[in-house]
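Visitor: Please walk me through this model, one question at a time. Keep it brisk.

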Amino acid sequence: MNMDIKRTAPFVVIAFCILVAMASRTITYDPLRTFSSQLEHTVGVLLNFSIVVGVIMQLWMHSRNISNRKPNAWGYSIATVITFIIFVIFALSYGGTGSVMYQALYKGTLIPAHWAAEGFLVFLFFSATYRGYRARSIESLLMVVLAVISLIACGPATRAIFGESLRLNAIYDWLNAVLSTGVNRGILMTTMVGSVAFMVRVLIGKQRIMSE
Amino acid sequence: MTISKPATIAVIVAIFVVGIILIWRAAKKQPQLRTFPAVAGIDELVGRCVEMGRPIIVTPGAYGAELNKPGPIVAALPIMHYVARQSAKFGARLITSVAYSDTYAAALPAIEAAYRAEGKPELFNPDDVIYWGSLEGYLTGNPSIIASQNCGAMIQVGYPAAAGVTQNEMANRIGAMTACIAPNAGDSIVFYALCADYMTIGEEYYAASAAIAADRSQLGSIISTDVVKLAILAIIVIGVILAAASPDISTQLIKLLTTG
């Protein structure tokens, strides 16, 4: 295929998809909306093909780890491949992913693994919060002051001790409703403007992945 | 056939304004831009890793296109490509970590192309492009890779979800520098402010993606977004004055814009 066509064709396809999606959301015309919906569905199906690429690459990498006896890795690779095979067997056997066996396997392994990951996350959240209470600059000092106000206003212990007499709730509410909401909306609006510009760049084929 | 809400038309007008200014600027001289802290920090981070003999890790965020985040992923790729080019140029080992298969399929050729563009395809190692397959894998795997490979720097691009906390904190613990470039204004921004050495957020995420390309028309689009932002600012000021003068007029105006 000609090199120019190779480069231009993806941009034409992307521009067509964007224009159809935009038009279907702007103009109330049923055939257009149906076409757009079918197009989105087709793109979704195509997108899921990438999962096949991911699975093949994973299996290729782990099988190489096992065959090369890669230090500190091949044991985990064996566990990963065995788990993959077990899940595939149960998913493709009678009842599919809705079967009792598959669900038992899913709930017995993946759900605990998920919560283990969440537990790990909580530890790092605490650690990061502790880091936040060290005022290293004017900005971080400001954050510390706001965090202390929020903690005193919302913390169950301080509420139990001081009750409503401390009157920090009003300050906290103001910080939340005025400062925090205002800043969030500002960032959100500018992000949307940025994404519009980004979309225009994609639409006219100016958004390049490879830098010059 | 009917046209939907006037607010939608406002978006289309914004698109045309951006498009027209983009094309207009493309024909003019190279625009001068402000610097983006996290982008400016990339070279420093790569240099640091080369000097310390430690690898650098780059990640396009915790989401993939399948989770309705295709825009940020596409915008992340030029930044990742740039990091890979700098790593190849100066000889730093680059580890790329992705959560989902579609991101993997997009990131792998972009990283490989960067090594080829620098004339060092032999330095590219496909095993250093890590695909986790799930959010949980990404959340726990990334900090684990940062610690086990003793990374000297981490560059986080795109939506981080909770990983913004875990990997930044782990990077801090092992003395790695971090640069975070994110489009959102969510909870992770707080932790970026706490843990990251360089941070670029909001609209500048998309601007950074264009700035890295150093293409005249792409740089023009950044200036066009500034024009639209000024217009929005003017509308906000007018709205505040109207609301103060007569709440009824502003209420009716908002109603007209949102419901048509």
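Visitor: How many bridges join strand β5 of chain B to strand β6 of chain B?
Guide: This is a predicted model, and local features need pLDDT of at least 70, side-chain atom pairs count only at pLDDT 80 or more, while totals for chains, interfaces and linings use all residues. Residues are numbered from 1 along each chain as its sequence is written, chains are lettered from A and ligands numbered from 1 in the order in which they are written, and side-chain values use heavy atoms, with hydrogens and water left out. Strands (E, at least two residues) and helices (H or I, at least four) are DSSP runs, numbered from the N terminus. β5(B) covers residues 153-157, β6(B) covers residues 177-182, the two run parallel, and the number of bridges is 5.

Visitor: Which residue in β6(B) stands opposite B:Q156?
Guide: The two strands run parallel. Opposite B:Q156 in β6(B) stands B:C180.

Visitor: Which strands are the edges of the open sheet in chain B?
Guide: Two strands pair if DSSP finds at least two bridges between them. The order is β4-β3-β2-β5-β6-β7 in chain B, with parallel pairing. The twist averages 15° from one strand to the next. Each edge strand pairs on one side only, and these are β4 (129-131) and β7 (198-201) of chain B.

Visitor: At what angle does helix α3 of chain B run to β3(B)?
Guide: Angles run from 0 to 180 degrees between N-to-C directions, and axes are lines fitted to C-alpha atoms, for helices over the stretch in contact. Helix α3 (residues 70-90) of chain B lies across β2 (56-59), β3 (94-98), β5 and β6 of chain B. Its angle to β3(B) is about 160°.

Visitor: Are α2(A) and α4(B) roughly parallel or roughly perpendicular to each other?
Guide: Helix α2 (residues 30-67) of chain A packs on helix α4 (residues 101-117) of chain B at about 75°, with axes 7 Å apart. Angles under 35 degrees count as roughly parallel, over 145 as roughly antiparallel, 65 to 115 as roughly perpendicular and the rest as oblique. So α2(A) and α4(B) are roughly perpendicular.

Visitor: How many residues of the contact of α2(A) with α4(B) are charged?
Guide: Contact means heavy atoms within 4.5 Å. The residues include A:L47 and A:M57 of α2(A), and B:D102 and B:L108 of α4(B). Ala, Val, Leu, Ile, Met, Phe, Trp, Tyr, Cys and Pro count as nonpolar, Asp, Glu, Lys and Arg as charged, and the others, Gly among them, as polar. The split is 6 nonpolar and 3 polar, and the charged count is 1.

Visitor: What is the handedness of the crossing of α4(A) and α5(B)?
Guide: Helix α4 (residues 100-132) of chain A and helix α5 (residues 135-148) of chain B pack at about 45°, axes 9 Å apart. That makes α4(A) oblique to α5(B). A crossing is left-handed if the near helix is turned anticlockwise from the far one by less than a right angle, right-handed if clockwise. Here the crossing is left-handed.

Visitor: How many nonpolar residues has the contact of α2(A) with α3(A)?
Guide: α2(A) and α3(A) pack at about 135°, with axes 8 Å apart. They are therefore oblique to each other. A:V55 and A:L59 are among the α2(A) residues that meet α3(A), where A:W74 and A:F84 are among the partners. The contact has 4 polar, no charged and, for nonpolar, 7.

Visitor: Which element of chain B has the highest mean pLDDT?
Guide: pLDDT is the predictor's confidence in each residue, from 0 to 100. Chain B has a mean of 81. Strand β1 (residues 2-3) of chain B is lowest at 60, and the highest, at 94, is β2(B).
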